[in-house]
Amino acid sequence: MGKPMLTVRIARWSAEHPWRAIGAWLLFVAICIGAGQATGTKQADFDDDPKGELATYQSIVDEAGFTRPTTENVLISARDGALDTARATAAANEVRADMGALREVGAVSEPVESPKGTAVLVNVEIAGDRENAEERVDALLDTTAAVQKQYPDLRVEQVGGASLDKALSATLGEDFQKAELISIPVTLLIMLVVFGALIAAGVPVLLAMSAVGAALGLSALASQLIPATDNTSSMILLIGMAVGVDYSLFYVRRDREERAKGAGHVDAVEIAAATSGHAIVVSGIAVTVAMAGMFVVDDIVFSSIAVGTILVVLAAMIGSITVLPALLAKLGRFVDKPKIPFLWRLSMRNSGNPRFWRAVLKPSLRAPKTTLIISGGLLAALAVPAFSMTLNAPSEADLPRSIPIMQSYDRMTEAFPSEGASHQIAVRVPASSSTAAESAVADLLDRLAADPGFAHDQPPRVDTAANGRIFLISAGIPDDGGSAEADQSLDRLRTTLLPATVGTVAGAEFAVSGQTAGENDFVASMTDALPWVILFVLLLTFLVMLWAFRAPVIALSAIGLNLLSAGAAYGLLVLVFQNTWAEGLLGFTSTGGITAWLPVILFVTLFGLSMDYHVFVVSRIRESVGVMSTRDAVATGITRSAGVVTSAAAVMIGVFSVFATLSTIDMKQMGVGLAAAILIDATLIRAVLLPALMTVLGNANWWTPRFLRKKEEVDATEETRVLEPVS
């Protein structure tokens, strides 16, 4: 008899030494959290990781040594009716005097009246490094608020990069707290319905929360190497609660099932470790592989999210196969206490082979080919809209207008179009071409002045380096940086205006940066990266499934079903968010596209989490293979696992749906996309398509090439061939 598998040996030790296992886990979590708090989280500075044309721009700016301070804008306008110019000017002078007295402030501009006379603007430069401007902006905001109190009949408001970042950070922080406060009670409520007992319901939630806490601490340490972004913590919570609860759910339900059959506490834990525990390890590796696909993008945002999600998946996996057996062995039958009467009876009734799932399976088992064609066709039809997906880069347009500073931003860009967005142009020439470059830059300025796609209320700002070789030009645009008009002006600048002017100078280099350029380049990079991410995830997932089941057909069918599920999720996302019919229902304003980073995140997350179910369901089916026919094995495996899969899906849908209620449209899109994808995956894919496909394939599901067979299987095959009678 061979040595027990690793998950069984770990579970046996934990069950025999429960307090050591529990203490070690708590110590591990405490050390992770403490170390993370001690080191702090290093936030990503996107200037440190430039790509493409932005890298050229950054190189030119760094060589020039220009220090452009962060600028805040104080906008003064009428609350109602026409602006009292004299009153507004007095308020502007008060702003200039009070701001000029602050040590956090550098230069303060003269008041500038808008072209239509509807507002007055004062530009205020924040002293010091741009990187730390957000830490010093509070004094400026307080000064603006004080002037507002002095002039209650006017609207005095501040808008700038630092104040926008501060307001957005506060909004994201509130959203994170909201998601945390709602997702945990929702998850606990679902667990109460699943188990019907308070302790059994609490164990998965507490284990998931501890995994999230450990991962947050570890991600803070990891951020010293790969800096974190604003979305990292949200993704750790999102994936950690979903996966952590699911893994514990699989384990606890199997333990309960074996105890109901008469197994002792330790024996039940060992059986759960050999079955659900093994499936958890395979699933954890598959999810980790999928999340690692984000590294292919070679972008700091995706790398930070990949690190965070991989850490929380591994923490949840390790906790499920180490401390969970100890808890179950120590609690014994007390895990089912205290019982909640109605929910307990409901959970026990659903723990067998419910008639509902047998009824659902009938079409797939009786007419598998027809079921496969119809259900597959429906999902393919749902995926069709995905081919018309339009990608949008994250921008101010995505932010909810319920945030006061966004209302101020809109008023400022309406009154002063050139303050809204601009194209930043960097030009570098050899020393021998500096005179020609000056003429070329002058020609460029003339062409910009004649082009209606550029703002004319303020001329472009030109800074020249002391050596005369480098020119930095800031050209305002009269449109929102994410608008089609801004895209068109960028295209003319890159393809026509710059090549026709500075591009004619011998040895000249030039690059365009700014909001519009950054957004366009980001969308292009996402579009280029997605096929490689998909290829990476598919290949490694195939290898993981091949290692786990040693059946190429099972691995290929898993990939095919998950691709169909992902395509349907993409199609649904396009139907909801690229149109306006769901705006009132979900509380968003359509931007006419999908956030550019979402397809990558959605694909790797869905593919990883889908393997969670797939590994568990197929493992239950394989337990019956050889004992009964493929059709009966499929029926038995799916009916026995359907309750757990449904419960796990309910947890994920509940957690993901919380994100659909958050403020920003990118979080709404992610929440809706993932919740819908999991719903499709756990119902139509696992309960209809999978059984139909496996029934059609029959014994071919389990075909194993000779090189993948274990030695005893090869020997048994050879022995069978020797004993076969000659016909």
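## A buried phenylalanine and its partner

Phenylalanine 250 is a good place to start: its relative accessible area is 2%, so this residue is buried. Keep in mind as you look around that this is a predicted model.

What about the partner of phenylalanine 250? The structure holds four aromatic pairs. In one of them, the ring centres of phenylalanine 250 and phenylalanine 616 lie 4.3 Å apart with the planes at 10°, so this pair is stacked. Phenylalanine 250 belongs to helix H8 (residues 232–260) and phenylalanine 616 to helix H20 (residues 598–624), so the pair ties together parts that are 366 residues apart in sequence. Phenylalanine 616 is buried too, at 3% relative accessibility.

## A tilted pair

Now turn to phenylalanine 577 and phenylalanine 588. Their ring centres are 4.8 Å apart and their planes meet at 45°, so the pair is tilted. Phenylalanine 577 sits in helix H18 (residues 552–577), while phenylalanine 588 sits in the loop between helix H19 (583–586) and strand E11 (594–595), eleven residues apart.

Are these two rings buried or exposed? Phenylalanine 577 counts as buried at 0% relative accessibility, and phenylalanine 588 is buried with a relative accessible area of 7%.

## The second largest pocket

The second largest pocket holds about 540 Å³ of space. It is lined by 16 residues, and those closest to its centre are Met5, Ala274, His278, Ala548 and Arg622.

Which elements give two or more residues to this lining? They are helix H1 (6–16), helix H9 (265–292), helix H17 (515–549) and H20. The largest share, four residues, comes from H9. By character, the lining residues divide into eight nonpolar, four polar and four charged.

## Strand E4 and its neighbours

Strand E4 (residues 119–126) is mostly covered, with six of its eight residues buried. E4 pairs with strand E1 (residues 71–78) in the antiparallel sense through seven bridges, and threonine 71 stands opposite glutamate 125 in E4.

Strand E2 (residues 105–108) also runs antiparallel to E4, over two bridges; here valine 108 stands opposite valine 124 of E4. Two bridges join strand E3 (residues 112–113) to E4, again antiparallel, and glutamate 113 has valine 120 in E4 as its bridge partner. E3 and E4 form a hairpin with five residues between them. In the turn you will find glycine 117, which has a positive phi of about 70°.

Technical notes: Residues are numbered from 1 along each chain as its sequence is written. This is a predicted model: local features need pLDDT of at least 70, side-chain atom pairs count only at pLDDT 80 or more; totals for chains, interfaces and linings use all residues. Side-chain values use heavy atoms; hydrogens and water are left out. Rings of Phe, Tyr and Trp (its six-membered ring) pair if their centres lie within 6.5 Å; planes under 30 degrees apart count as stacked, over 60 as edge-to-face and the rest as tilted. Buried means under 20% relative accessible area, exposed over 50%, partly exposed in between (1.4 Å probe, protein chains only). On a 1 Å grid over the protein atoms alone, a cavity is a set of points where a 1.4 Å probe fits but cannot get out, and a pocket is an open set with protein on both sides within 12 Å along at least five of seven lines; lining residues have an atom within 4 Å of a point. Grid points are joined across faces, edges and corners, and a volume is the space filled by probe spheres set on the points. Ala, Val, Leu, Ile, Met, Phe, Trp, Tyr, Cys and Pro count as nonpolar, Asp, Glu, Lys and Arg as charged, and the others, Gly among them, as polar. Two strands pair if DSSP finds at least two bridges between them.
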